[in-house]
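Open the model in your viewer and keep the sequence panel in sight. We will go from stop to stop, selecting as we go.

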Amino acid sequence: MKKKLAVTILIGCMAAGMMTGCAELKNAGVLEADAAATLKMAKNNKTGEGEDASTLTTENTEEEKAAADQKNSDDEPMTLESTEKDQGSQVTVAADAATLTVTGSGTATVTPDKASISIGVQTVDTSSKTAQDKNSKDVNNVIDVLINAGVDKKNIATSSFDLYANYDYSKDVSELTGYTVTTMLTVKNLKVEDIGELLDETGDAGVNVINGITFDYSEAEAAYDKALDAAMDRAQEKAQKLAAKEGCRLEKILSVSEGQDSGYSTMNDAKQYTEAASADGGMTVMPGENDVTATVTVTYQLVEN
């Protein structure tokens, strides 16, 4: 009986020990699962934090970009443009840059005191050689008249020489009728008051072609300087007027550019001079007046009043 009880107790203890070990093993498994779950949660939390940080960084970048774009937009200068109908002038006011650019034109009126003439001799003959000989003789006579009138040889030049055959096309077959020779001379640096007399004398010597008179003036530089001064005055006048409208005043000139001028233009069309017969049958040449124009573009710095 004691032996049986001892065996029973031993078996019971063994069973209890096994149960305890299983329980401990089960508890260990639970702890290990809990640890794994805890580690997974930690990873998830870390990943979430990374995503939140990335999202925050992206948002910050977009905000910074928007702020930079706004700054750049604020930094861009505003430009106000207006056009004044004054000889095609255009005025531009750049508000942020505080500058103003205007264009001014000036004119000076002059009376030509010099002239050049284009005169020639045209000869027609049935023989080419005879036509050339006659033409050469008349041209030499014209040159002699010019020199005797006080014209310097260096101011006399042959500008063209032409020889061509003449045909009669009224018949079924064209017929040669002769030859035409034309020699043109350019005579420059003449006094305007001498032109009429020279044309009369050279006409008597053989001139039968006049291509025109070109007028010029000896004080071209002085006339252009006067026009340039007027252009600068006009530019400043316009700038002061426009600056006042903007509540500003002119501080200083930043740049000046000179436009294309007509300071050396001359009248070279026969319609631009007047010819009239005087009492003694001579020719009177009237040169009239000529305008010399200058244009400038000026940029001023502005300051507030």
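Select V151. It sits in the loop between helix 2 (128-148) and strand 5 (156-168). This is a predicted model. Is V151 buried or exposed? V151 has a relative accessible area of 10%, and buried means under 20%, so V151 is buried.

Now show what V151 touches. Leave out residues up to four places away in sequence, and the partners are L146, I156, V187, L190 and L198. Next, add N189 to the view. V151 and N189 are 38 residues apart in sequence, yet their C-alpha atoms are 8.5 Å apart in space.

**Stop two: N189 and L190**

Stay on N189. This residue belongs to strand 6. Look at its backbone: phi is positive, about 55°, although N189 is not a glycine. Most residues other than glycine have a negative phi. N189 has a relative accessible area of 46%, so it is partly exposed.

Move one place along to L190. L190 is in strand 6 too. Its relative accessibility is 5%, so L190 counts as buried.

Which residues is L190 in contact with, leaving aside its neighbours within four places in sequence? The contacts are D113, K114, A115, I117, V151, I195 and L198. Now pick S116 and draw a distance between the C-alpha atoms of S116 and L190. The value is 6.1 Å, for two residues 74 apart in sequence.

**Stop three: the largest pocket**

Select A149, G150, V151, L190 and D194 together. Of the 13 residues that line the largest pocket, these lie nearest its centre. You have met V151 and L190 already; here both are part of the lining. The pocket holds about 190 Å³ of space.

Which elements give two or more residues to this lining? They are strand 6 (175-191) and helix 3 (195-205). Strand 6 gives the most, with four residues.

Colour the lining by class. You should find four nonpolar, three polar and six charged residues.

**Stop four: helix 3**

Select residues 195 to 205, which make up helix 3. Which residues of helix 3 are buried? They are I195, G196, L198, L199, T202 and A205. Look along the helix axis as you highlight them. An α-helix has 3.6 residues a turn, so residues three or four places apart point the same way.

Two of these buried residues, I195 and L198, are also contacts of L190. L198 touches V151 as well.

Step off the end of the helix. G206 follows helix 3, and its phi is positive, near 135°.

**Stop five: S118 and N135**

Jump to S118. S118 lies in strand 4 (residues 114-125). Its relative accessible area is 18%, so S118 is buried. Leave aside neighbours within four places in sequence, and S118 is in contact with M184, L185, V209, I210, N211 and G212.

Now go to N135, in helix 2. Is N135 buried or exposed? With a relative accessible area of 2%, N135 is buried. Show its contacts, again leaving aside neighbours within four places in sequence. They are V121, Q122, T123, F161, V181, T182 and T183.

**Stop six: two rings**

Select Y167 and Y169. The structure holds one aromatic pair, and you are looking at it. Their ring centres are 6.1 Å apart and their planes are at 40°, so the pair is tilted. Planes under 30 degrees apart would count as stacked, and over 60 as edge-to-face.

How covered are the two residues? Y167 has 42% relative accessibility and so counts as partly exposed. Y169, at 63%, counts as exposed.

**Last stop: the whole chain**

Clear the selection and zoom out. How many helices and strands does the protein chain have? Count four helices and 11 strands.

Show the surface. The chain exposes about 20100 Å², and carbon and sulfur atoms supply 52% of that area. Of the 305 residues, 26% count as buried. V151, L190, S118 and N135 are among the buried ones.

Finally, think about contacts across the chain. Take those between residues at least 6 apart in sequence: 76% of them join residues at least 24 apart. The contact of L190 with V151 is one to revisit.

Terms used:
Residues numbered from 1 in each chain as written. Predicted model: local features only at pLDDT ≥ 70, side-chain atom pairs only at ≥ 80, totals over all residues. Heavy atoms only, no water. 1 Å grid on protein atoms, 1.4 Å probe; cavity = no way out; pocket = protein on both sides within 12 Å on 5 of 7 lines; lining within 4 Å. Points joined across faces, edges and corners; volume = space filled by probe spheres on them. Nonpolar A, V, L, I, M, F, W, Y, C, P; charged D, E, K, R; others polar. Buried < 20%, exposed > 50% of the residue type's maximum accessible area, 1.4 Å probe, protein only. Contact = heavy atoms within 4.5 Å. Areas by Shrake-Rupley, 256 points an atom, 1.4 Å probe, with all protein chains shown as cover. Phe/Tyr/Trp six-rings, centres within 6.5 Å; stacked < 30°, edge-to-face > 60°.
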